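Welcome, and please load the model in your viewer. We will go from one selection to the next, with a short stop at each.

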Amino acid sequence: MRIMKTTKYLAAAATLGLVLTACGGPDGAGSSDEITIGVIADQSGATADVGAPFSEGVAAYVEWRNANGGVADMQINAMINDYAYEVPQAEELYKQYVSEGAVAILGWGTGDTEALTGSVANDELPFMSGSFAEILADPEQSPYNFLVAPTYSDQMRVALDHIAAEGGESVAVLHHDSPFGTAPVADGEAWVEEKGYDLDYTAHAIPSGTTSFTGLLSQVSDADHIIVQNVAGPAAQLARDIQGQNTGQTIVCLNWCSSELFITNAGDAAEDHKMIQPVAPLSADKPGHADIVSYLEENGGDPESTVVSYVQGWFTMDAMVSGIEATLEGGGDLTGAAIRETLETMGPIDTGGVVGTGEIEFSADSHRGATASGIYVVEDGTMVEIESGVSPA
């Protein structure tokens with residue numbers, strides 16, 4: 001397999017919006033001595049601030065794994081292409097990957113992942129993505145989709161449990177104006193009612209291209225907490241506007257704004273805001289981070305500047321490859337149906353404390369790989385873990 005040699009190169013290519021494809025052997029994808037996996041990545045679109053490092057983590061894992069013998073004496077051929085957060089482009093890439101012999105797919109966004117669910121089921125191709133929409137964890141609705149981390153709705157429930165325990169009285173949810181953004185909103189409202197929390201709960205879409213939250217902050221002036229279901233950039237602007245207007249709300253980020261990028265972009269305005277993050281950042285120094293740190297140090301990367309989205313990409317590919325490896329070790333044919341059955345029955349995948357409570361485990365009844373998240377607070381410019389392994393109460 002040929003793949004970009006440093007994460008710095010990958011980041012530069014993503015910034016330029018280049019299409020990155022890692023091809024194996026002289027004949028490209030589908031050679032008998034390789035395992036082909038298609039990767040649909042956002043390296044230049046609306047969520048590229050977290051999507052690009054996610055795809056870098058995927059690529060780094062593949063290069064690391066191939067350098068360490070691959071899988072059953074075969075190399076992994078990861079075809080990584082930018083779809084710029086455009087659903088039609090994701091659908092075209094998916095067709096390309098199927099035609100080139102992919103046995104599994106890694107995707108990215110909620111809209112494109114949900115749009116492909118029917119095709120994935122018909123083609124019997126295991127599919128893991130950066131989306132943690134709850135519908136994707138239900139095998140009856142999404143039989144070939146698997147989530148390596150808690151759903152957005154589980155993260156929302158953890159956030160609401162934490163806010164209620166802290167004495168919060170009013171919560172405003174500001175969310176990306178897309179299926180990704182709305183995925184946990186109704187479930188959050190239902191959780192408040194189910195738990196009997198005395199919390200005022202409202203939700204507001206963040207208009208595309210928002211550069212100032214002055215207007216939205218005036219609409220949620222009574223809220224003491226703002227849960228953000230968006231990526232890091234808008235959340236950082238929100239933090240700066242809260243600081244500038246001295247409105248005093250505490251931000252609680254869900255997965256994709258729970259990132260070092262939020263801190264970097266917001267500066268000192270990030271202090272004391274909180275994060276619900278199911279995948280531990282490198283600063284948490286979990287045993288499962290050791291291979292990532294070694295890879296970065298050996299390839300000119302900097303663990304201290306590597307964001308948690310990169311770690312998520314690494315462990316998403318690790319989960320898929322673990323299913324493929326277990327399928328081959330069990331004597332099964334390398335088909336999507338066999339990989340799915342293996343993932344449902346193979347038992348826990350050890351992440352060394354990085355994901356959830358440390359393990360990813362699927363079943364025939366649920367493709368939700370974990371339910372627990374870590375809770376972090378920003379202190380002195382760092383994500384500091386205040387609780388680990390927290391599931392909805």
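**Start at W256**

Select W256 and show everything around it in this predicted model. Leaving out neighbours within four places in sequence, W256 is in contact with V50, F54, W108, G130, F132, Y152, F180, N230, V231, A232, S309 and Q312.

Next, add I40, L238, F262 and M317 to your selection. Together with W256, they have the most contacts inside the largest nonpolar core, a set of 102 residues. Which helix gives the most to this core? Colour residues 308–329 to find out: that is helix α12, and ten of its residues belong to the core.

Now move on to A159, L160, I163 and V192. These residues are among the 18 that form a second core, separate from the one you just left.

**Zoom out**

Switch to a cartoon view of the whole chain, and you can trace 13 helices and 14 strands. Turn the C-alpha trace along its principal axes, where the protein spans about 60 × 40 × 40 Å. The radius of gyration is 20 Å, which agrees with the value near 21 Å that a compact globule of 393 residues would have. Among contacts with a separation of 6 or more, 67% join residues 24 or more positions apart.

**Finish at the surface**

Colour by burial, and 57% of the 393 residues come up as buried. With the surface on, about 14,700 Å² is exposed, and carbon and sulfur atoms supply 45% of that area. Last, select the charged side chains: 12 are positive and 58 are negative. The centres of these two sets lie 3 Å apart.

Methods:
Residues are numbered from 1 along each chain as its sequence is written. This is a predicted model: local features need pLDDT of at least 70, side-chain atom pairs count only at pLDDT 80 or more; totals for chains, interfaces and linings use all residues. Side-chain values use heavy atoms; hydrogens and water are left out. Helices (H or I, at least four residues) and strands (E, at least two) are DSSP runs, numbered from the N terminus. The radius of gyration is taken over C-alpha atoms; the globule rule is 2.2 Å times the number of residues to the power 0.38. Buried means under 20% relative accessible area, exposed over 50%, partly exposed in between (1.4 Å probe, protein chains only). Contact means heavy atoms within 4.5 Å. Accessible areas come from the Shrake-Rupley method with a 1.4 Å probe; for residues, only the protein chains shown count as cover. Lys and Arg count as positive and Asp and Glu as negative; His and the chain ends are not counted. The place of a charge is taken as NZ of Lys, CZ of Arg, CG of Asp or CD of Glu. A nonpolar core is a set of buried Ala, Val, Leu, Ile, Met, Phe, Trp, Tyr and Cys residues joined through side-chain atoms within 4.5 Å.
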